[in-house]
Amino acid sequence: MTYGDGVGKTVPELKMRMEDPENGDYVKLRGGGSDDEEEEGSPQAGCSIGSVTSVWFWVKLISLLACVAVLAFVIIKWIGPFLIEKELIPFIIWVRSTFSIPMLALLLFASVALFPSILLPSSPSMWMAGLTFGYGKGFLLIISAASIGVTLPFLIGHLFLHKMQEWLKQYPKKAAILRAAGEGTWFHQFQAVTLIRVSPFPYMIYNYCALATGVHYGPYILGSLVGMVPEIFVSIYTYMSSLPLSLSLW
């Protein structure tokens with residue numbers, strides 16, 4: 001509230017608050033007018049800024065999802081079929097005309113078994129095994145080779161055990177998940193290794209770090225094979241369903 005001083009000027013109201021000085025209270029003088037109005041309006045300004053920020057966040061999220069959806073549609077609709085027709089099919093025809101079935105089986109087995117040890121992906125070999133030998137024989141070839149592929153890094157890890165342990169100490173938060181696989185009973189270790197295999201964690205890195213976490217070989221090999229089953233079937237089914245029937249059978 002304001003008052004006129006009779007000269008045409010406006011004087012702001014002064015509010016006084018008196019307290020008991022014996023109890024350590026104080027006297028406070030506060031000017032009225034614009035300060036009070038600003039204090040009253042500040043919560044509304046904060047709410048408006050928060051609402052604008054929230055709306056902007058959802059706009060960016062929806063735009064990102066829309067871009068990802070458009071990119072996935074373009075890849076599935078045009079880029080994927082183009083690469084399959086121009087690159088993959090000629091390569092499959094060349095492989096089948098160059099190598100016999102026993103030789104091709106040996107090459108695929110060796111690639112699935114050795115590539116993880118040198119940090120190379122073995123998924124292309126899994127695809128080729130599925131296309132050449134079908135679901136049943138292809139799965140048996142892949143799973144038997146994969147057992148060697150996860151065993152070799154585990155054994156090689158003995159040579160770099162101390163270095164692996166020091167590396168895990170440098171990244172305690174990231175290593176906490178890996179160390180959980182080496183704790184508890186045999187069945188607990190089996191469950192932890194299986195979950196790591198089906199998770200997005202790079203399995204080739206875990207192959208070498210597993211020994212440093214204290215996990216035993218039994219739950220390690222069994223959990224690794226069980227966790228790799230979904231990946232194997234997805235690799236076989238995806239490319240067998242995307243290629244012509246004449247190329248999916250030898």
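1. The lining of the largest pocket is made up, by class, of 14 nonpolar residues, one polar residue and no charged residues. This and every later point refer to a predicted model. The volume of the largest pocket is about 240 Å³. Its lining comprises 15 residues, and those nearest the centre of the pocket are Phe91, Val95, Leu108, Pro124 and Met128. Three elements, α1 (34-98), α2 and α3, give two or more residues each to this lining.

2. The model also contains an enclosed space. The count comes to one cavity of 30 Å³ or more, and the largest cavity has a volume of about 50 Å³. Which residues line the largest cavity? They are Val112, Pro116, Ser122, Met126, Ala146, Gly149, Val150, Tyr203, Asn207 and Met228. Seven residues of this lining are nonpolar, three are polar and none is charged.

3. The contributions to the cavity lining may be assigned to elements. Helix α3 provides four residues, the largest share of the lining of the largest cavity. Both α3 and α7 (203-209) supply at least two residues to this lining. Helix α3 is also among the elements that give two or more residues to the lining of the largest pocket.

4. The packing of α2 on α3 merits a separate point. Two packed helices are described by the angle between their axes and by the distance between the axes. Helix α2 spans residues 101-114 and helix α3 spans residues 123-156; they pack at an angle of about 40 degrees, with their axes 7 Å apart. An angle from 35 up to 65 degrees falls outside the roughly parallel and roughly perpendicular ranges, and α2 and α3 are therefore oblique to each other. The crossing in which α2 passes α3 is right-handed. By class, the contact of α2 with α3 has 18 nonpolar residues, five polar residues and no charged residues.

5. Two successive positions of α2 may be set side by side. Ala110 lies in helix α2, and so does Ser111. Are these residues buried or partly exposed? Ala110 has a relative accessibility of 30% and therefore counts as partly exposed. Ser111, at 9% relative accessibility, counts as buried, because the cut-off for a buried residue is under 20%.

6. Each of these two positions can be related to a residue further along the chain. Ala110 and Ala145 are 35 residues apart along the chain, and their C-alpha atoms are separated by 7.2 Å. For Ser111 and Pro124, which are 13 residues apart along the chain, the C-alpha separation is 9.4 Å. Pro124 is also one of the residues that lie nearest the centre of the largest pocket.

7. The connection between the two helices includes a backbone feature worth inspecting. Leu119 is found in the loop between α2 and α3. The phi angle of Leu119 is near 60 degrees, a positive value in a residue other than glycine.

8. The overall organisation of the chain is given last. Its secondary structure comes to nine helices and four strands. Read along the sequence, the pattern is β-β-β-β-α-α-α-α-α-α-α-α-α. Of the 250 residues in the chain, 31% are buried.

Notes:
Residues are numbered from 1 along each chain as its sequence is written. This is a predicted model: local features need pLDDT of at least 70, side-chain atom pairs count only at pLDDT 80 or more; totals for chains, interfaces and linings use all residues. Side-chain values use heavy atoms; hydrogens and water are left out. Axes are lines fitted to C-alpha atoms, for helices over the stretch in contact, and angles run from 0 to 180 degrees between N-to-C directions. Angles under 35 degrees count as roughly parallel, over 145 as roughly antiparallel, 65 to 115 as roughly perpendicular and the rest as oblique. A crossing is left-handed if the near helix is turned anticlockwise from the far one by less than a right angle, and right-handed if clockwise. Ala, Val, Leu, Ile, Met, Phe, Trp, Tyr, Cys and Pro count as nonpolar, Asp, Glu, Lys and Arg as charged, and the others, Gly among them, as polar. On a 1 Å grid over the protein atoms alone, a cavity is a set of points where a 1.4 Å probe fits but cannot get out, and a pocket is an open set with protein on both sides within 12 Å along at least five of seven lines; lining residues have an atom within 4 Å of a point. Grid points are joined across faces, edges and corners, and a volume is the space filled by probe spheres set on the points. Buried means under 20% relative accessible area, exposed over 50%, partly exposed in between (1.4 Å probe, protein chains only).
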